[in-house]
Structures are given as C-alpha cells and as structure tokens.
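Me: I'm new to reading protein structures and would like to understand the words used for them. Could you go through one with me?

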Amino acid sequence: MCWVPEAKAQDDLLKMLEDEQSKETTYTLATFKASRLINGQTIETVSKNHLNFWISHRFGAVNSGFIANFFGLDEAKIRLGLEYGLTDNWLIGAGRSSLEKTYDLYTKYKVLRQSNKFPVTVTGLAGWAINTMETGYVMESGAEMRFNDNLERYSYWGQALIARKFNEKLSLQVMPTFLHYNKVEHPSIPNDLWALGFGGRYKLTKRFTLSGEYYHAFSDPGAYEASTGKAYPYHDAISIGVDIETGGHVFQLHFTNSRGMIEKHFIGQTVGSWEDGDIYYGFNIARTFSFDKGAKHKDK
C-alpha cells in the first residue's frame with residue numbers, strides 16, 4: 001500500500017507533462033515533396049539560401065502518329081527555371097519557356113502552416129510574364145496576335161494555395177486563381193479570368209508518388225462562339241503523373257493536355273483536349289543546391 005501514493009504522483013506528473021506538450025505547436029512537414037505539383041505550384045517553398053533548378057519538357061501530342069511524329073517525341077516545348085529561398089517561407093523564381101518565348105517572374109510566401117492547432121497550410125503566389133514573340137505570330141489557338149507596344153505583351157496572375165496533409169500518404173490542395181492578360185486575341189475573350197484548381201498526391205512507396213491536378217477556368221465560350229462562329233479554342237487543364245525521389249532530385253513523369261508550363265499558358269490557354277486525344281507526355285526534373293554551408297536541407 002505504501003507504493004500507491006508514489007504511483008499516483010508519477011501519473012499526475014506524466015499528465016502534467018502531456019498537457020504542457022499539447023500546448024506546444026507542432027508543424028506538419030513535407031505536405032508535398034516539391035514546389036511544383038505537375039504544371040502548377042504547391043504550397044511548398046524552398047529552404048533559406050537554397051536554389052532549385054527546374055528543367056521541364058512537354059513533347060508533342062501522343063495522337064500525332066508514329067511515322068509523322070513518333071507519338072509526339074519528335075518535338076518538344078521546354079522551360080528552364082530557378083527558385084531561391086530568401087527565407088524558409090519565402091522564395092523568388094524566374095524562368096524562360098520556349099512556348100511563345102516567354103519569360104516569367106514570381107514569388108511565393110507561406111502565410112500559414114498546418115499544425116496541431118491549424119488545419120491547413122496557406123501560401124500566396126504572384127507572377128508576371130512577358131511574351132517576346134514577333135508581332136503577327138500565330139498562336140496555338142490558330143489566332144494571329146499583334147502587339148502595339150511592350151505593355152500589351154504582359155500577363156499577371158495571383159493564387160492562394162491551400163493544402164492539407166491528411167496522413168503520410170495523402171495530401172490535397174485547392175488553388176483559387178486570378179489571371180490578367182493585357183491583350184487577348186479576340187474582343188470576346190475577357191482580359192480577366194478566374195479559375196479554380198484542385199490537386200493532390202498519394203504516396204505509394206518511400207520514393208514513388210501518384211499526383212494529379214485539374215484547373216477549371218470560368219470562361220464564357222458562348223460569347224466567343226457567337227461572335228466568331230468558331231468553337232472556343234481553350235479547355236480545362238488536366239494532368240496526371242508519377243513523382244520519383246532520388247536523393248537531391250525530384251523526377252516527375254506525367255501526361256497532360258497542356259503544353260504550357262506557367263499559369264498564363266496552362267490555366268487560360270490550354271488548346272489540347274483529352275477527349276480528342278491531345279495528350280502530351282512530359283517531365284520535370286528538380287535539383288536543389290545549397291548555398292548555406294552550415295545548414296542541412298530540411299523539409300518545412
């Protein structure tokens with residue numbers, strides 16, 4: 001009987017310790033393994049003083065034939081990009097796409113983080129791009145685009161990236177988006193476009209992950225069709241893929257109906273249709289470099 005008070009005291013101390021630990025904020029780590037899901041961005045940023053180098057390819061359409069185009073592998077669009085972590089929660093990025101010879105700049109900031117006290121992570125994204133094609137070129141939609149000055153070449157976008165990691169395997173994300181084009185190819189196509197994206201990943205093994213994303217653009221095809229007598233040229237972007245993690249690399253393989261690799265292209269100007277077999281095989285390769293000799297790379 002003499003041990004009962006001592007055991008009760010130990011239980012009380014353990015309960016007090018558990019209560020104190022429950023008051024501490026524990027953040028969720030590695031909701032996604034890369035700052036990009038497929039075409040679009042994730043809530044993830046880059047660690048402070050770390051640099052991400054992205055190489056992205058989109059080949060031709062799979063339905064382009066074996067003899068004529070080797071199922072699309074005879075041609076490709078490419079984007080080269082860099083992302084640098086100013087802090088663990090804030091990055092800046094830049095890239096150049098061969099599609100419309102476009103240069104892009106963007107920044108991401110992780111505003112809120114999922115934890116035992118908050119259900120989701122929220123990251124803000126803002127971007128800008130300039131089309132450097134010669135005026136009078138023909139767009140992928142078939143329309144001729146002419147610019148009167150350089151300001152007409154600019155496009156802008158903003159996103160709220162909201163994600164939740166449900167467990168070690170499943171993470172989901174929603175992406176409300178606003179785009180503005182200083183010039184569009186036809187008056188019936190608005191300069192401002194709202195869109196809503198959905199994406200997620202499911203981890204199969206330690207190194208293999210299934211991923212997918214879908215962006216619905218709130219456009220008005222009827223106005224274009226009534227004005228031109230032609231079918232609206234753009235479709236919602238749908239992509240599926242597999243991520244492979246290999247040390248400091250993330251290798252992403254996927255199929256998508258969009259050849260564009262920045263928001264102004266794949267959200268508002270996707271000409272491919274899954275129903276018609278306009279499916280493009282592509283890949284992203286990301287390599288991380290550290291410029292902080294005293295720090296180890298860490299997930300956020």
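Reply: Gladly! Let's begin with a word we'll need: contact means heavy atoms within 4.5 Å. Please keep in mind that this is a predicted model.

Me: Which residues is Tyr156 in contact with, leaving aside its neighbours within four places in sequence?

Reply: Tyr156 lies in strand 8 (residues 154-165). Its contacts beyond those neighbours are Gly127, Trp128, Phe178, Leu179, His180 and Asn182. Take Gly127: 29 residues separate it from Tyr156 in sequence, yet their C-alpha atoms are 5.6 Å apart in space.

Me: Why is Tyr156 called partly exposed?

Reply: Buried means under 20% relative accessible area and exposed means over 50%, with partly exposed in between. Tyr156 has 34% relative accessibility, so it counts as partly exposed.

Me: And what makes Leu73 partly exposed?

Reply: The reasoning follows that pattern. Leu73 has a relative accessible area of 42%, which falls between 20% and 50%, so it is partly exposed. You'll find Leu73 in the loop between helix 2 (66-69) and strand 2 (76-87).

Me: What makes Leu73 part of a surface patch?

Reply: A patch residue needs over 30% relative accessible area, so Leu73, at 42%, passes that cut-off. Its partners in this nonpolar patch are Val62, Phe66, Ile67, Phe70, Phe71, Ile240 and Phe255, and together with Leu73 they have about 780 Å² of accessible area.

Me: Which residues touch the most other members of the largest nonpolar core?

Reply: Those are Trp157, Leu179, Ile189 and Ile267, in a core of 30 residues. Strand 8 and strand 9 (170-181) are among the elements giving two or more residues to this core. Beyond four places in sequence, Trp157 touches residues including Leu125, Leu179 and Ile262.

How values were computed. Residues are numbered from 1 along each chain as its sequence is written. This is a predicted model: local features need pLDDT of at least 70, side-chain atom pairs count only at pLDDT 80 or more; totals for chains, interfaces and linings use all residues. Side-chain values use heavy atoms; hydrogens and water are left out. Patches are made of residues with over 30% relative accessible area and no salt bridge: like charges are joined within 9 Å, nonpolar side chains (Val, Leu, Ile, Met, Phe, Trp, Tyr) within 5 Å. Accessible areas come from the Shrake-Rupley method with a 1.4 Å probe; for residues, only the protein chains shown count as cover. A salt bridge is a side-chain nitrogen of Lys or Arg within 4 Å of a carboxyl oxygen of Asp or Glu. Helices (H or I, at least four residues) and strands (E, at least two) are DSSP runs, numbered from the N terminus. Buried means under 20% relative accessible area, exposed over 50%, partly exposed in between (1.4 Å probe, protein chains only). A nonpolar core is a set of buried Ala, Val, Leu, Ile, Met, Phe, Trp, Tyr and Cys residues joined through side-chain atoms within 4.5 Å.
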